[in-house]
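Thank you for making time for this at the group meeting. Please have the sequence and the model open in front of you, and I will go through a few places one after another.

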Amino acid sequence: MMYSEKVMDHFMNPRNVGEIEDASGVGTVGNAKCGDIMRIFLKIEDGIVLDAKFKTFGCGAAVATSSMATELIKGKTIQEALKITNKAVMEALDGLPPIKVHCSCLAEEALHAALWDYAEKNGIVIEGLEKPVNDISEHENLPEEE
């Protein structure tokens, strides 16, 4: 299984690790099948994501995808943040091996869960945002871990 240089870089030198105190939104998502857990913290002001941090318990690909996802979301409006899909995360990392694609789905779900939390705390509806799941293995038929 080969990882791109970008995946290795984000695994060895992850960006934005940690927590944001008084975060505007926090999203925690897991995958029961592989045991990965990802928590993303967002600082949002005036509809702009000013900061993003993460704590991930999982494989190298899970760490790399959370690192890249937090990099991609910073400085974006909420609507732009919604467009950060697992495909966008994978493309930014120059791809992932097929059995690790679910890690990028975890990153997308964790971002959406944090945005959902922000919307709930502020009593707003974010157009196009669906209620997140806690365990992504429930709604996806992903290849089993090797």
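Let me begin with Glu120, which counts as exposed because its relative accessibility is 55%, over the 50% that the term requires. Please keep in mind throughout that what you are looking at is a predicted model. Glu120 belongs to helix H5, which covers residues 101-122. If you look for Gly25, you will find that its C-alpha is 8.9 Å from that of Glu120, although 95 residues separate the two in sequence.

From there I would like to turn to the packing of the helices. As a general matter, two packed helices are described by the angle between their axes and the distance between the axes. Which angle, then, do H2 and H5 make with each other? Helix H2, residues 60-73, packs on H5 at about 40 degrees, and the axes are 8 Å apart. That angle makes H2 oblique to H5, and the crossing in which H2 passes H5 is right-handed. On the H2 side, the residues that meet H5 are Ala61, Ala62, Thr65, Ser66, Ala69 and Ile73, while H5 brings Cys103, Ser104, Ala107 and Leu111. Sorted by class, this contact of H2 with H5 has seven nonpolar residues, three polar ones and no charged ones.

H2 also packs against helix H1, residues 5-12, and here the axes come within 8 Å and cross at roughly 90 degrees. The two helices, H1 and H2, are therefore roughly perpendicular to each other. H1 takes part in the contact with Val7, His10 and Phe11, and H2 with Gly60, Val63, Ala64, Ser67, Met68 and Glu71. In the contact of H1 with H2 there are five nonpolar, three polar and one charged residues.

Staying in H2 for a moment, please find Thr70, which lies in that helix. Is Thr70 buried or exposed? With a relative accessibility of 0%, Thr70 counts as buried. Its side chain reaches the backbone oxygen of Ser67 at 2.8 Å, and, if we leave out residues up to four places away in sequence, Thr70 touches Arg15, Asn16, Ile40, Ala52, Lys53 and Phe54.

One of those partners, Asn16, deserves a look of its own. Asn16 sits in the loop between H1 and E1, and it has a positive phi of about 65 degrees although it is not a glycine. Asn16 is buried, since its relative accessible area is 12%, and buried means under 20%.

The loop between H1 and strand E1, residues 25-31, also holds Ser24, which counts as buried at 11% relative accessibility. A polar atom of the Ser24 side chain lies 2.7 Å from the backbone nitrogen of Ile44. Apart from neighbours within four places in sequence, Ser24 is in contact with Leu42, Lys43, Ile44, Asp117, Tyr118 and Lys121.

Finally, I would ask you to look at Asp46, in the loop between strand E2, residues 36-45, and strand E3, residues 48-57. Asp46 is not a glycine either, and yet its phi is positive, at about 50 degrees. Where Asn16 is buried, Asp46 counts as exposed, because its relative accessibility is 80%.

Terms used: Residues are numbered from 1 along each chain as its sequence is written. This is a predicted model: local features need pLDDT of at least 70, side-chain atom pairs count only at pLDDT 80 or more; totals for chains, interfaces and linings use all residues. Side-chain values use heavy atoms; hydrogens and water are left out. Helices (H or I, at least four residues) and strands (E, at least two) are DSSP runs, numbered from the N terminus. Buried means under 20% relative accessible area, exposed over 50%, partly exposed in between (1.4 Å probe, protein chains only). Axes are lines fitted to C-alpha atoms, for helices over the stretch in contact, and angles run from 0 to 180 degrees between N-to-C directions. Angles under 35 degrees count as roughly parallel, over 145 as roughly antiparallel, 65 to 115 as roughly perpendicular and the rest as oblique. A crossing is left-handed if the near helix is turned anticlockwise from the far one by less than a right angle, and right-handed if clockwise. Contact means heavy atoms within 4.5 Å. Ala, Val, Leu, Ile, Met, Phe, Trp, Tyr, Cys and Pro count as nonpolar, Asp, Glu, Lys and Arg as charged, and the others, Gly among them, as polar. A polar contact is a pair of N or O atoms within 3.5 Å; within protein, one must be able to donate a hydrogen and the other to accept it, and residues adjacent in sequence count only if both atoms are side-chain atoms.
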